[in-house]
Amino acid sequence: MDHNLRNTTYWFSNMTIDNEGVYKKAGWGRSQYAVVFVCSLLFMGVGIGIGYAVGRNNSNSNIPQAGDTAQETATKPPRSPHPIDTILSSINKDNIKQNLWKYTSRPRMSGTPGGYELVQILQEAWRSSGIDEVRVTPYDVLMSYPNRTNPNRVQLLTSSGQLIFQSALFEPALDSLSNNSEIIPPFNAYAAAGISEGDLVYVNYGRIEDFLYLTQNMSIDLKGKTLIARYGKIFRGDKVKNAQRFNASGIIMYTDPSDFNRGNSTYPDSWWMPPSGLQRGTVGGDGDPLTPLYPATDYAYRVKESDVSGIKIPAQPISYGDAQHFLSEMGGEEAPLEWRGALPITYRIGPGFRNSSLKIRLEVNNFEEKRTVENVIGYIKGKTEPDRYILLGNHHDAWVFGAIDPLSGTAVLTELIRVFGEMLKSGTRPDRTIVFCAWGAEEHGLIGSTEWVEEYMKVLYERAVAYLNVDYAVDYNYVLFAGTSPLLQDSLYQATKLVPNPDTSSSDKTLYDAWKTRDNSNDLEPSVYYSLGSGSDMATFYQRAGVPSIDMWFTYDENKWDILSYPVYHSAYETVYLYENFIDPGYSYTATMAKLWGVLAWNIANEKVLKFDVRRYATAINKFIGNLKTEFGAKWTKQNVNIGALESAAQNLTTEAENFHQKVQSLQATSSAANVLQNRMINDKLIQFERAFIDCEGLPGRPMYKHVMFAPSVYDSYSDNSFPGIVDTMNEIENQNATAKWEVLKQQVSIATFIIQSAANTLKEVGL
């Protein structure tokens, strides 16, 4: 996983909305129903039988709710197990544990022997489960690796070239599990090979505002300088892009203990990052660099490697133990209070060192070459709507052992496939097709999932119902954390109400109740975030194919630890020992994620009418517009920006969303063969509603991102902006004196207005 969603801006917890029931089209007479009834019998063969089967599978009336008393359960009539019961009772913690031990037995980076081995392990396990089909989809792509024989390094030198200090070439082993010769040296994937030498400048988190403070407030010229930044707040690749944008010659990134070590002990005695630990990670973009916007098939046109527009300067991660040696020698002014970390030093900006004879030397020896990355895809074909897909995704590649990221999720996915396979053997098949996806090369830049989505874009755009992402299952055993399309919010809530709370000592009986208690939002519902960003494999599904998506995991109490991520993120110390001793002892939360993922997928695969509430979207859009008006309204008025039309389109969407919801509700009382066609019509509108926010032209300067409502910020790929074309353009106008961008801003407001009105039109009966 490459996301850091601790900094998302928009949180939503709105009304609870129930769409349950049976639907028919309003205004039809008996003659029309008769025609539909006959046609249904002729062309579908099973007529009323389908309705019965769907209703049987969709009924929740006999599902024991988490928290039922023994007496309540005993009074329920005898019945065969409901699929939800089967999922909840069949998930086996021991199986998940065995999976995790097997998967983390060696480093699993894509394009390496360990990575290829894991693909074979998954393929064999999934096939033995009894699901309908398992495929491996390979793509030949440009990958980036460190030079093992000449590792990257950061050196402190005298002016004569004498070595004072050098960063560690490898993370030292702190226990038997982290002692493995296959561990790759520290590197940032796709950082350019080269040398940066000279004065050192501290740039805090390397955000655009940090660079503006240095260049505008302090008048520091960063051209040719080597920079050092602490990890966190934004995507590491955006730190490097900012350094490149300000003409720096290279950048070093480290994990400051203020963000990654708040304890009195470190791994292997706790979960906190030790002084020798460091964070690997990509600094590149999404997908194969040689086939932008198109799949890396064997027949694909590939651009020349020399023509790839990417990172052009060297970048390298180091530990905070090593960083202290460089930072403690720096000269210049003291850093502002908010720029200071937790190292026992005086944080200074630079440029250069107190001893003017010292200099920094950053040497990066990364190389790039084409290698094959592989996805593992499993299928259970739907019995009544095989051309409608619910996709479950996780990636199988890790920088090192990946016990948390991603292999806790992979271990869960394999166990869930085993359970679904057993259900299939007993004759229980979902109405819609379920697709299981284990992606390759996610850590390098969402490569496996991006290439697959690009290859099947036309089909997914028409048929995909939802994509449910679990990058990893648990990074701490406390509370559920979830990002979602507004359309899937109610489906997520419904599923959590059916799953027992893994904390058996709590008075909260369901996962929903525990989530609400520990969420600390003080709202009527648990909080979710809509800003999915591009930190994991849901990105291409959501940003380009317009597939409603969820990303979820269990995490720590942010009120207790105000940190940026789990501490040993992407280090060699992310071992199964860490997982079993500090993350989820007993695997209770890990098993609960399997249950939640399975229940959520099963519900969406079998609902007669999808529980997508378009009113959630309308509410969010109106809130976003209100925020824009509050922040920029006065300036927009002076520049004659047409915000009135934007507000009018949003109001039209609100009206049509309410009308559509009421129409659906009015059809609930009807039961006839015509409902099969009615439900399909309603579901098609719900599936396509997210796609209404996709603009085929993409965002300004970023054609890969096409979602007008939610897309990664140009300054931070981890988090989304709402109305990204508008917000990013305003950022340029306000912070970079780009007054010529006002015309671009007006265009982006116009595009957003058009897209919102188009979304409203899709909800109308005819819409033309």
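Both faces of strand 3 are covered. On one side sit Arg-153, Gln-155 and Leu-157, and on the other Val-154, Leu-156 and Thr-158; all are buried. This is a predicted model, so please keep that in mind throughout. Strand 3 covers residues 153–158, and 6 of its 6 residues are buried. Recall the general pattern: in a regular strand, side chains alternate between the two faces of the sheet.

Now the partners of strand 3. Strand 12, residues 358–364, runs antiparallel to strand 3, and 6 bridges join the two. Two pairs to look at here. Arg-153 stands opposite Glu-363 of strand 12. Leu-157 stands opposite Lys-359, also of strand 12.

Then there is strand 4, residues 163–166. Strand 4 is antiparallel to strand 3 too, through 3 bridges. In that pairing, Gln-155 stands opposite Gln-166. Strands 3 and 4 form a hairpin with 4 residues between them. Look at Gly-161 there: its phi is positive, near 95 degrees.

Let me put these strands together. They belong to an open sheet of 4 strands, in the order 4-3-12-6, with antiparallel pairing. Which strands stand at the edges? Strand 4 and strand 6, the latter being residues 194–198. Each has a single partner strand, so one side of each is left without a neighbour in the sheet. On average, neighbouring strands here are turned by 20 degrees against each other, direction ignored. Helix 10 packs on this sheet. The helix touches strand 3, strand 4 and strand 12, and its direction makes about 25 degrees with that of strand 3.

Helix 10 also takes us to the next sheet. Helix 10, residues 320–327, lies across strand 7, strand 8, strand 9 and strand 11. Against strand 11, the helix runs at about 110 degrees.

That second sheet is open as well, with 4 strands in the order 7-8-9-11. Its pairing is parallel. A reminder: strands of a sheet pair through backbone hydrogen bonds, either parallel or antiparallel. The edges here are strand 7, residues 200–202, and strand 11, residues 315–318. Each has one partner strand, so one side of each lacks a neighbour in the sheet. The average turn between neighbouring strands is 25 degrees, direction ignored. Take one pairing from this sheet. Strand 9, residues 250–254, pairs with strand 11 in the parallel sense over 4 bridges. Tyr-254 stands opposite Ile-318 of strand 11.

On to helices. Two packed helices are described by the angle between their axes and the distance between the axes. Take helix 6, residues 113–128, and helix 11, residues 407–425. They pack at an angle of about 20 degrees, with axes 8 Å apart. That angle makes helix 6 roughly parallel to helix 11. Which residues of helix 6 meet helix 11? Leu-118, Leu-122, Ala-125, Trp-126 and Ser-128. Across from them, helix 11 brings Leu-407, Thr-410, Leu-413, Thr-414, Ile-417 and Lys-425. The contact divides into 7 nonpolar, 3 polar and 1 charged residue.

Helix 14 next, residues 489–498. Of its 10 residues, 9 are buried, so helix 14 is largely enclosed by the rest of the structure. The buried set includes Gln-489, Asp-490, Tyr-493 and Leu-498.

One residue in helix 16. Ala-539 lies in that helix, residues 538–543. Buried or exposed? Ala-539 is buried, because its relative accessible area is 3%. Leaving out residues up to four places away in sequence, Ala-539 touches Leu-446, Gly-533, Ser-534 and Arg-544. Now compare sequence and space. Ala-539 and Tyr-705 are 166 residues apart in sequence, and their C-alpha atoms are 9.3 Å apart.

Last, the cysteines. How many disulfides does a search of the whole structure find? The search finds 0. Two cysteines to look at. Cys-437 has a relative accessible area of 0%, so it is buried. Cys-696 is at 62%, so it is exposed.

Definitions and conventions: Residues are numbered from 1 along each chain as its sequence is written. This is a predicted model: local features need pLDDT of at least 70, side-chain atom pairs count only at pLDDT 80 or more; totals for chains, interfaces and linings use all residues. Side-chain values use heavy atoms; hydrogens and water are left out. Axes are lines fitted to C-alpha atoms, for helices over the stretch in contact, and angles run from 0 to 180 degrees between N-to-C directions. Angles under 35 degrees count as roughly parallel, over 145 as roughly antiparallel, 65 to 115 as roughly perpendicular and the rest as oblique. Contact means heavy atoms within 4.5 Å. Ala, Val, Leu, Ile, Met, Phe, Trp, Tyr, Cys and Pro count as nonpolar, Asp, Glu, Lys and Arg as charged, and the others, Gly among them, as polar. Two strands pair if DSSP finds at least two bridges between them. A disulfide is a pair of cysteine sulfur atoms within 2.5 Å. Buried means under 20% relative accessible area, exposed over 50%, partly exposed in between (1.4 Å probe, protein chains only).
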